[in-house]
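Please examine the sequence and the structure shown below before reading the briefing. The points are grouped by topic.

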Amino acid sequence: MNIFVVNCGSSSIKYQLFKWPSESPICSGLVERIGLEISAITHKVYINGEEKVIKRTLELPDHEAGMQEVGHLLTEPEIGVIQDPSEIEAVGHRIVHGGESFSTTTIVTPEVKEEIKKLAALAPLHNPAHYVGITVAQKIFTSATQIVVFDTAFHQTMPAKAYRYAIPGKFYTDHGVRVYGFHGTSHKYVTAQALSYLKKPDAKIITIHLGNGCSMAAVNAGQCIDTSMGLGPLDGLIMGTRCGNIDASVVFYLVSQLGYDIEQVDALFNKRSGMLGLTGYSDMRDILKAIEEGDENARLAYDMYAYRIKKYIGAYASALNGLDAIIFTAGVGENDKNLREVVCSNMDFLGIEIDKDKNRERSGELREVNTPGSRVKVMVIPTNEELEIAKECFELLESK
Ligand SMILES: Nc1ncnc2c1ncn2[C@@H]1O[C@H](COP(=O)(O)OP(=O)(O)O)[C@@H](O)[C@H]1O
Ligand SMILES: CC(=O)OP(=O)(O)O
Ligand SMILES: [Mg+2]
């Protein structure tokens with residue numbers, strides 16, 4: 001079965017094509033800078049263990065143009081992996097916000113699309129692009145079943161004491177104002193990998209997803225019991241452009257004293273804060289370079305970023321009443337050895353001891369980077385949200 005997995009961001013499209021049941025994609029790619037003057041596509045084709053990379057720069061005014069271009073790349077005579085878009089049987093879309101309506105993988109209907117569009121109010125950086133992604137995929141892959149997989153789904157097992165806010169109950173009952181949590185597909189994927197590696201189904205785990213968006217989850221025996229993002233993907237950790245956890249009084253101050261309106265506060269917290277607001281860079285590689293060059297702001301921001309993670313580890317170890325493993329994943333978690341070292345320093349009271357040499361070894365595989373004596377395993381596990389989405393799509397179609 002050909003399953004095409006799509007992750008539409010505000011200015012990008014990430015994709016992978018699986019010939020299920022093979023778990024290795026036959027091609028993957030990234031369309032970047034959609035809507036800007038020059039857009040870029042990096043398309044990779046995997047044949048017999050070899051990787052062929054095709055890079056193109058072109059003008060892509062919107063997601064529709066981007067997805068059309070991907071459709072062409074999939075079917076181009078020289079490099080195509082299929083002959084016609086009709087060979088795609090399922091398209092799996094990553095959807096960040098599923099709200100109260102969706103707790104499991106769902107087949108797209110007009111009602112489902114409308115609900116995803118409405119939820120844009122709660123995930124302004126993500127859901128609008130997902131809606132466009134579905135609409136365009138419906139036009140191109142006309143024979144495919146369109147399926148949506150929600151970032152919020154894995155967090156549905158949280159108890160009410162973790163997901164409720166301490167404001168009057170009617171905001172929850174009448175308006176669904178609660179903690180939803182995000183990156184669930186990633187937290188779920190690395191949890192499953194860890195449980196099978198540890199051979200301990202009842203393990204107490206903290207998963208730490210550090211990409212552009214960052215979040216953590218406390219996972220007991222495979223079930224999420226708490227997570228750091230909230231009603232939207234803004235709370236918790238410091239991120240590339242988002243502030244994370246902040247006192248709501250800051251909003252009152254910005255509005256009443258500095259004349260901000262609510263759209264400006266939204267843009268400030270979502271798009272101009274986090275590492276970008278503190279350093280001028282949102283990409284961790286640029287921040288590491290700035291630190292090397294002696295930039296004090298970058299050093300402080302990096303320390304703040306790590307410190308926030310440390311605090312959540314402490315909180316979640318308490319919530320779990322113990323800890324077997326902490327897992328670093330996603331772009332920063334998998335690649336930034338310094339960050340893992342800073343987070344895990346002075347954590348021996350909790351039984352966390354990182355092995356600095358092991359931690360510095362480069363590898364794209366699941367690995368332990370703790371000392372032999374560490375009570376808690378410190379693990380690096382490459383996430384694979386696309387594979388997890390393809391699996392969920394297949395399982396849903398099989399169950400029909
Ligand atoms: N070698 C590296 N060292 C430090 N950070 C890295 C490295 N490689 C990638 N990153 C960081 O990973 C982040 C992107 O992570 P990713 O999981 O791809 O994000 P997303 O899926 O949210 O777009 C960026 O901040 C990038 O700088
Ligand atoms: C939910 C979220 O923050 O996603 P991303 O990391 O892709 O921005
Ligand atoms: Mg990601």
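The following paragraphs describe ligand surroundings, helix packing and selected residues.

The model is predicted. Two ligand shells are described, the one around ligand 1 with 13 residues and the one around ligand 2. Two helix pairs are then treated, α11 with α13 and α6 with α15. Individual residues follow, among them the cis-linked P21 and the positive-phi residues H183 and K199.

**Ligand surroundings**

- Among the 13 residues around ligand 1, the nearest are G211, N212, M284, G331 and N335.
- Helices α10 (284-292) and α12 (330-335) each contribute at least two residues to the shell around ligand 1, and α12 gives the most, with four residues.
- The shell around ligand 1 consists, by class, of four nonpolar, six polar and three charged residues.
- Ligand 2 is surrounded by V96, D151, F182, H183, G211, N212, G213 and P233.
- In the shell around ligand 2, three residues are nonpolar, four are polar and one is charged.
- G211 and N212 belong to the surroundings of ligand 2 and are also among the residues that come nearest to ligand 1.

**Helix packing**

- Helix α11 (residues 296-320) packs with helix α13 (residues 337-344) at about 50°, and their axes are 9 Å apart. The two helices are therefore oblique to each other.
- The crossing in which α11 passes α13 is right-handed. A306, I309 and K310 of α11 make the contact with L339, V342 and V343 of α13.
- Five nonpolar residues and one charged residue form the contact of α11 with α13, with no polar residues.
- Helix α6 (residues 184-198) and helix α15 (residues 385-399) pack at about 90°, with their axes 9 Å apart. α6 and α15 are therefore roughly perpendicular to each other.
- On the α6 side the contact involves T185, S186, K188 and Y189, which meet E385, E388 and I389 in α15. By class, two of the residues in this contact are nonpolar, two are polar and three are charged.

**Backbone features**

- W20 and P21 are joined by a cis peptide bond, with omega about 15°. P21 is located in the loop between β2 (13-19) and β3 (27-32).
- H183, a residue other than glycine, has a positive phi near 55°. H183 is in the loop between α5 and α6 and counts as buried because it has 31 C-beta neighbours inside 10 Å. H183 is also one of the residues around ligand 2.
- K199 likewise is not a glycine, and its phi is positive at about 50°. K199 is in the loop between α6 and β9 (204-210) and is exposed, because 7 other C-beta atoms lie within 10 Å.

**Buried and exposed positions**

- C8 is part of strand β1 (residues 2-8). With 29 other C-beta atoms within 10 Å, C8 is buried.
- Leaving aside residues up to four places away in sequence, C8 touches I13, H63, A129, H130, V132 and G133. The C-alpha atoms of C8 and P128 are separated by 9.2 Å, although the two residues are 120 residues apart along the chain.
- T173 is placed in helix α5 (residues 170-173). T173 counts as exposed because 10 C-beta neighbours lie inside 10 Å.
- T173 and K400 are 227 residues apart along the chain, and their C-alpha atoms are separated by 32 Å.

Terms used: Residues are numbered from 1 along each chain as its sequence is written. Chains are lettered from A and ligands numbered from 1 in the order in which they are written. This is a predicted model: local features need pLDDT of at least 70, side-chain atom pairs count only at pLDDT 80 or more; totals for chains, interfaces and linings use all residues. A residue is near a molecule or strand if its C-beta atom, placed from the backbone, lies within 6 Å of it. Ala, Val, Leu, Ile, Met, Phe, Trp, Tyr, Cys and Pro count as nonpolar, Asp, Glu, Lys and Arg as charged, and the others, Gly among them, as polar. Axes are lines fitted to C-alpha atoms, for helices over the stretch in contact, and angles run from 0 to 180 degrees between N-to-C directions. Angles under 35 degrees count as roughly parallel, over 145 as roughly antiparallel, 65 to 115 as roughly perpendicular and the rest as oblique. A crossing is left-handed if the near helix is turned anticlockwise from the far one by less than a right angle, and right-handed if clockwise. Two residues are in contact if their C-beta atoms, placed from the backbone, lie within 7 Å. A residue is buried if 20 or more other C-beta atoms lie within 10 Å of its own, exposed if 12 or fewer, and partly exposed in between; C-beta atoms are placed from the backbone.
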